[in-house]
Amino acid sequence: MLQIAIVEDEDLYAEQLKKYLYQYGKESNEPIEVTLFSDGEEIIESYKAQFDIILMDIEMRFMDGMTTAETIRKIDQEVIIMFITNMSQYAIRGYAVDALDYVLKPVSYFALTQKLDRAITRMKKRVKKYITISTSSGVRKMNVSEIYWIESQGHRLTYHTKQGEYEATSNSMKEIEEKLSEENFFRCNKGYLLNLQQVNGIQDGYAIVNDKKLIISRARKNDFLRALTNYVGEDVK
Amino acid sequence: MNVVGMIPDIPKVYTALTEWISCLLYISLYKKRLKNKDIVIVLSISLVMLIVVQILIGIMPTMCWMLGMIVAIGIMFSSILVCCDFPKLKAGYSCVRAFILAEFTASLEWQLYYYFLIKFNLGSYWIQIIFLIIVFGMTYGIVYYLESRRENREISNNFFSVTIQELGSVITIGLVAFVMSNLSYVYAYTPFSSDTATEVFNIRTLIDFGGFVFLYAYHAQREELHIKAELDSIQNVLHTQYAQYKQSRENMDTINRQYHDLKHQITVLRAESNQDKRDAYFDEMEEGIKVFEAQYKTGNSVLDTVLTGKSLICAKHDISLTCVADGTLLNAIYVMDICTIFGNALDNAIECEILIPEKEKRLIHITVSSKNNFILIRVENYFDGTLYLQNDLPVTTKGDKKYHGYGIKSIQYSVQKYGGTISISTQKNWFELKILIPQ
């Protein structure tokens with residue numbers, strides 16, 4: 001069930017949006033629940049990261065959309081915030097609160113649903129995934145997004161993660177590469193399989209991950225850059 | 001003096017002299033790096049060195065001949081590189097041409113001289129020198145005329161860069177000409193060589209001549225291609241400029257209309273004595289000019305200008321353009337490159353949207369944000385039907401292919417300057433151009 005909040009002080013618009021959302025839910029077979037708020041202050045009061053998407057007006061009487069979004073971001077970094085506005089000169093600064101898209105008023109059903117659809121598709125891609133690996137101290141469950149890179153030395157695989165380094169003997173590099181093929185990992189050279197999500201820069205043929213430099217093999221450089229561009233470019237927030 | 005069959009071969013000093021004059025000829029055609037005084041010094045040194053090398057080649061056994069020639073070519077290359085304002089590749093390219101010209105001239109002169117020597121029995125020292133002056137003078141005169149006619153064009157001096165492939169072709173032609181022409185000289189018993197001196201001379205002169213003509217033709221064709229590419233890009237720039245001019249005209253017309261409206265409103269206001277009504281008029285006027293408030297304030301004035309310009313086109317065609325952009329991220333990028341990236345990306349998107357009959361489906365969205373220490377630029381637009389990608393680039397369905405092809409290639413070129421990458425994909429009915437630039 002998708003939880004969507006509408007924050008809008010003009011009832012007429014709010015009702016229209018609600019109608020559009022339910023219609024979209026029906027058409028796309030996506031169960032949707034809509035909650036209405038008439039001001040920024042109202043949604044802040046009881047906010048506990050319960051929404052997947054927030055549609056928000058920018059100009060509101062008590063707490064405007066930007067300030068509301070800022071407050072929400074402090075609690076919830078995951079929710080998709082989409083402004084609904086006729087003031088594109090304010091919405092252009094949406095990057096500050098990770099609101100990378102907005103819908104112009106008067107809202108067209110087509111534009112709204114297209115934008116929602118894209119946001120939802122991208123959101124579904126970032127669902128947390130776990131893998132289990134067997135180490136010498138037992139089986140470990142690991143959040144895939146917290147892996148920096150996986151290194152192979154002979155038959156051993158070392159997982160460099162946010163929690164530390166783990167050695168596993170159960171899988172070969174090839175097996176783990178296949179297992180993570182859907183998860184935006186890239187084999188940047190023979191010995192390293194790195195998580196594109198954790199790449200923080202490129203410097204003369206090296207990828208920078210967790211402040212360390214991993215060499216990118218010459219032959220894979222272009223593929224690596226393309227994969228990285230595609231991955232980073234898919235970010236919703 | 002070396003001998004071919006029973007006849008003396010080209011005096012080594014002649015070879016040195018032609019090598020040197022050929023260098024001089026090509027150096028004179030191009031923009032110099034050094035002052036005239038320094039060039040005289042460099043060329044004097046290279047003349048002495050070339051003569052010494054050639055004399056050594058004459059003394060040394062045939063095995064060392066190849067090595068000696070390589071040293072001589074090295075000296076020619078260095079003189080050209082030092083004197084002319086050239087990158088290495090271009091100096092290499094000119095060096096090969098100069099070398100083959102030198103081989104040809106030396107060979108031609110000696111063959112002619114020898115022919116007359118036998119025929120009229122003219123063996124004096126003076127005749128030899130007069131021959132040298134006449135043949136060298138004529139050959140170099142003609143070559144200089146041919147080359148300078150081409151090279152004096154502004155364009156060839158400044159814009160020609162030589163690629164490694166081009167240098168490769170030139171070296172191949174030069175090498176083949178050189179090896180074939182000297183085959184008899186080194187080894188007389190191949191199908192392509194001869195042991196009679198006159199034939200040896202003939203083969204050498206003709207093959208060197210062929211080599212020179214080949215190189216000249218190659219050079220001419222290469223130049224045409226470069227000029228054509230240059231003209232194409234100028235055409236492209238003009239096309240853009242013209243579009244911008246039309247744009248400005250439209251903007252001015254709108255402003256003029258607004259000016260007339262305001263003038264009327266002011267006249268009405270002057271006549272109005274009721275304060276409330278006056279205030280109402282003022283509000284109305286304020287509302288009216290709100291449209292002209294710059295819509296885009298991203299923190300980068302170049303991006304603002306591009307966006308404002310393109311948004312007017314979008315408004316005209318009922319395209320809904322939305323943009324979330326942190327322009328400050330682009331402050332390290334040159335004006336031209338920002339224009340290229342956003343101008344072209346938006347032009348392509350707009351062209352695509354105009355073709356969609358339903359106006360509510362005309363959607364373009366731009367984001368500029370920072371992500372994992374990268375600048376991420378995303379330009380997305382809705383499209384109907386199918387889009388064909390070729391080499392990762394969309395194939396245009398519009399007739400105006402001539403200008404269209406430049407768009408994405410120019411973006412790619414601009415982005416690569418900053419170590420960035422572009423990626424193009426389609427998702428459902430959306431075309432997505434993503435650009436990632438390291439921060």
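How far does helix H7 of chain A reach from its first C-alpha to its last? Here are my notes, starting with that one; keep in mind that this is a predicted model.

1. **Helix H7 of chain A.** The helix takes in residues 221–233, and its 13 residues reach 18 Å from first C-alpha to last. That is close to the 18 Å you'd expect at 1.5 Å a residue. As for what is tucked away, the buried residues of H7(A) are A:Phe224, A:Leu225, A:Leu228, A:Thr229, A:Tyr231, A:Val232 and A:Gly233.

2. **Helix H1 of chain B.** I ran the same kind of check on residues 12–29 of chain B. With 18 residues at 1.5 Å each, H1 should span 26 Å, and its end C-alpha atoms are indeed 26 Å apart. H1(B) is mostly covered, with 13 of its 18 residues buried.

3. **Chain B overall.** Chain B has 13 helices and nine strands. Of its 439 residues, 43% count as buried. Looking at contacts with a separation of 6 or more, 70% in chain B come from residues 24 or more positions apart. The chain exposes about 23,600 Å², and carbon and sulfur atoms supply 63% of that.

4. **Confidence.** Chain B averages a pLDDT of 82, and 85% of the residues score at least 70. Two stretches to look at with care: over residues 154–159 of chain B the pLDDT is below 50, though this stretch has 14 contacts in the model beyond near neighbours in sequence. Residues 398–404 of chain B also have pLDDT below 50, with ten contacts counted in that way. For the model as a whole, ipTM is 0.88 and pTM is 0.61.

5. **The A–B interface.** The contact takes 38 residues from chain B and 37 residues from chain A. The area buried between the two chains is about 3,300 Å², with 54% of it from carbon and sulfur atoms. On the chain B side, B:Val324, B:Asn372 and B:Arg378 supply 15% of the area that chain B buries against chain A, more than any other three residues.

6. **B:Asn372 again.** This interface residue also has a backbone quirk: a positive phi of about 45°, although it is not a glycine. B:Asn372 sits in the loop between strand E4 (363–371) and strand E5 (374–382) of chain B. Its relative accessible area is 18%, under the 20% cut-off, so B:Asn372 counts as buried.

7. **B:Asp318.** Here is another non-glycine with a positive phi, this one about 55°. B:Asp318 lies in the loop between helix H11 (301–316) and strand E3 (320–325) of chain B. At 41% relative accessible area, B:Asp318 is partly exposed.

8. **A cis peptide in chain A.** A:Lys105 and A:Pro106 are joined by a cis peptide bond, with omega about -5°. A:Pro106 is in the loop between strand E5 (102–104) and helix H5 (109–125) of chain A.

9. **Cysteines.** How many disulfides are there over all chains? The count comes to zero, taking sulfur pairs within 2.5 Å. B:Cys84 is in no disulfide, and the nearest cysteine sulfur, that of B:Cys83, is 6.3 Å away. With 0% relative accessibility, B:Cys84 counts as buried. B:Cys95 is in no disulfide either; the nearest cysteine sulfur, that of B:Cys23, is 6.4 Å away. B:Cys95 is buried too, at a relative accessible area of 4%.

Terms used
Residues numbered from 1 in each chain as written. Chains lettered and ligands numbered in written order. Predicted model: local features only at pLDDT ≥ 70, side-chain atom pairs only at ≥ 80, totals over all residues. Heavy atoms only, no water. Buried < 20%, exposed > 50% of the residue type's maximum accessible area, 1.4 Å probe, protein only. Helix = DSSP H or I, 4+ residues; strand = E, 2+ residues; numbered from the N terminus. Expected span 1.5 Å × (residues − 1). Contact = heavy atoms within 4.5 Å. Areas by Shrake-Rupley, 256 points an atom, 1.4 Å probe, with all protein chains shown as cover. pLDDT = per-residue confidence, 0-100. Buried area = accessible area lost by both parts, 1.4 Å probe.
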